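Please open the structure in your viewer and keep the selection tool at hand. The stops below follow one after another, each beginning with something to select.

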Amino acid sequence: MGTNPLIPQVATIQKIVTETDSGDVKTFIVEMDGRQTFSYQPGQCAMLSVLGEGESMISICSSDSRKGPLEFSIKRVGRVTTALHEAEPGHKIGVRGPYGNAFPVDEWTGKNLLFVGGGIGLAPLRAVINHCLDARDDFGHIDILYGARSPGDLCFKRELRDNWPLIEDVDVHLTVDESDGNWDGAVALVPHRLEEIAPTSANTVAVTCGPPIMIKFTIEALKRLGFTDSQIVTTLEMKMQCGVGICGRCNIGGRYVCVDGPVFTYEQLRSLPAEY
Ligand SMILES: Cc1cc2nc3c(=O)[nH]c(=O)nc-3n(C[C@H](O)[C@H](O)[C@H](O)COP(=O)(O)OP(=O)(O)OC[C@H]3O[C@@H](n4cnc5c(N)ncnc54)[C@H](O)[C@@H]3O)c2cc1C
Ligand code: FES
């Protein structure tokens, strides 16, 4: 990357995968142009820019443990994300980063892992899930619980169906808020399904990402299941502008989410004002 972390580098969209039936989430497979390299760790983000539209902070959802292009799963919500959704393979975008901290995977060696995701919140989790699966022997049992509003809103269906469940000692649990008639899986909100599955808290790290309301009730469910604050890890999506601790847009108390986060243990969050 260039020496100035605020200057975007040029990259090319190679491929676009539509994730949801409504098309509101697409995964962009992106190659840096020229000889540029882009090293990152699971949990980190990048600022993507579209000329004339602006910039958006997006989690890197590819895994650093695999060689290959960068991947970003993006939900269309406003100006920049709509411009990205209207782009086609071959279009140039700007990429700056990586920004933020990473999931502390080295501290998880020998532990069971429980991933709890909702909606587009599976994007940052996908990076760390694939990182851990690529070092499968380093961890104990792995549970992946993922929910969406409807079956058509589930992202990364191929990995959820054909890849992750086939790996030894990995259980994938899917749930939807509302069935579509063809769905034969669970119909329950993610925190309710979590309590039904009731994974052990013993020697387990729980990693969660999703809408704020889901995270709130997921943390309450985890506490009832015996997880302590330091066993719960989450990643925050505060609004961001600079991404490097200059503009002050993303602060919680004295901490900047773009620099000190976005990954925090619940123990760390408990010591901050409840502004997230
Ligand atoms: C660390 C981090 C990681 C993120 N990872 C992803 C990701 O992997 N995939 C993804 O789709 N999105 C992700 N986001 C959210 C993404 O940055 C915003 O959705 C995007 O910037 C919106 O830009 P826009 O111009 O399209 O929308 P705008 O026109 O700016 O806003 C449209 C609507 O979205 C709301 N909004 C904008 N930004 C945010 C935000 N950060 N959180 C909640 N609501 C917001 C606005 O209030 C408004 O209602 C992440 C955000 C952060 C901070
Ligand atoms: S986004 Fe500017 S300080 Fe965090």
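How many of the residues of strand β3 (residues 45–50) are buried? Select the strand with that question in mind, and remember throughout the tour that this is a predicted model. The strand is mostly covered, with 6 of its 6 residues buried, and the cover extends to both of its faces: Cys 45, Met 47 and Ser 49 lie on one side, while Ala 46, Leu 48 and Val 50 lie on the other.

Next, add strand β4 (residues 54–59), which runs antiparallel to β3 and is joined to it by 6 bridges. If you pick Ala 46, you will find Ile 58 of β4 standing opposite. The two strands form a hairpin with 3 residues between them, and in the turn Gly 52 has a positive phi of about 85°.

Now bring in strand β6 (residues 92–99), which is also antiparallel to β3 and is joined to it by 4 bridges. To find one of the paired positions, select Ser 49, whose bridge partner in β6 is Gly 94.

Keep β4 in view and select ligand 1, because the shell around this ligand takes 5 residues from β4, the most that any element gives. Of the 21 residues around ligand 1, those that come nearest are Ser 56, Ser 59, Gly 78, Val 80 and Thr 81. The elements that give two or more residues to the shell are β4, β5 (70–75) and α1 (79–86). Coloured by class, the shell around ligand 1 divides into 11 nonpolar, 6 polar and 4 charged residues.For a wider view, colour domain 1 (9–99) and domain 2 (105–235), the two parts into which the chain is divided. Their centres, taken over C-alpha atoms, are separated by 24 Å, and the contact between them takes 17 residues from domain 1 and 15 residues from domain 2. On the side of domain 1 that touches domain 2, there are 4 nonpolar, 8 polar and 5 charged residues.

The last stop is the largest nonpolar core, which has 70 residues, and in which Phe 72, Phe 115, Ala 206 and Val 207 have the most contacts. Helix α2 (residues 122–133) supplies the largest share of this core, with 7 residues, and at least three residues are drawn from each of domain 1 and domain 2. In soluble globular proteins, nonpolar side chains tend to be buried together. To finish, centre the view on Phe 115, which touches Leu 125, Ile 129, Ile 144, Leu 145 and Val 207, leaving aside residues up to four places away in sequence.

How values were computed:
Residues numbered from 1 in each chain as written. Chains lettered and ligands numbered in written order. Predicted model: local features only at pLDDT ≥ 70, side-chain atom pairs only at ≥ 80, totals over all residues. Buried ≥ 20, exposed ≤ 12 C-beta atoms within 10 Å, placed from the backbone. Pairing = 2+ DSSP bridges. Core = buried A, V, L, I, M, F, W, Y, C linked by C-beta atoms within 7 Å. Domains from an automatic or database assignment. Contact = placed C-beta atoms within 7 Å. Near = placed C-beta within 6 Å. Nonpolar A, V, L, I, M, F, W, Y, C, P; charged D, E, K, R; others polar.
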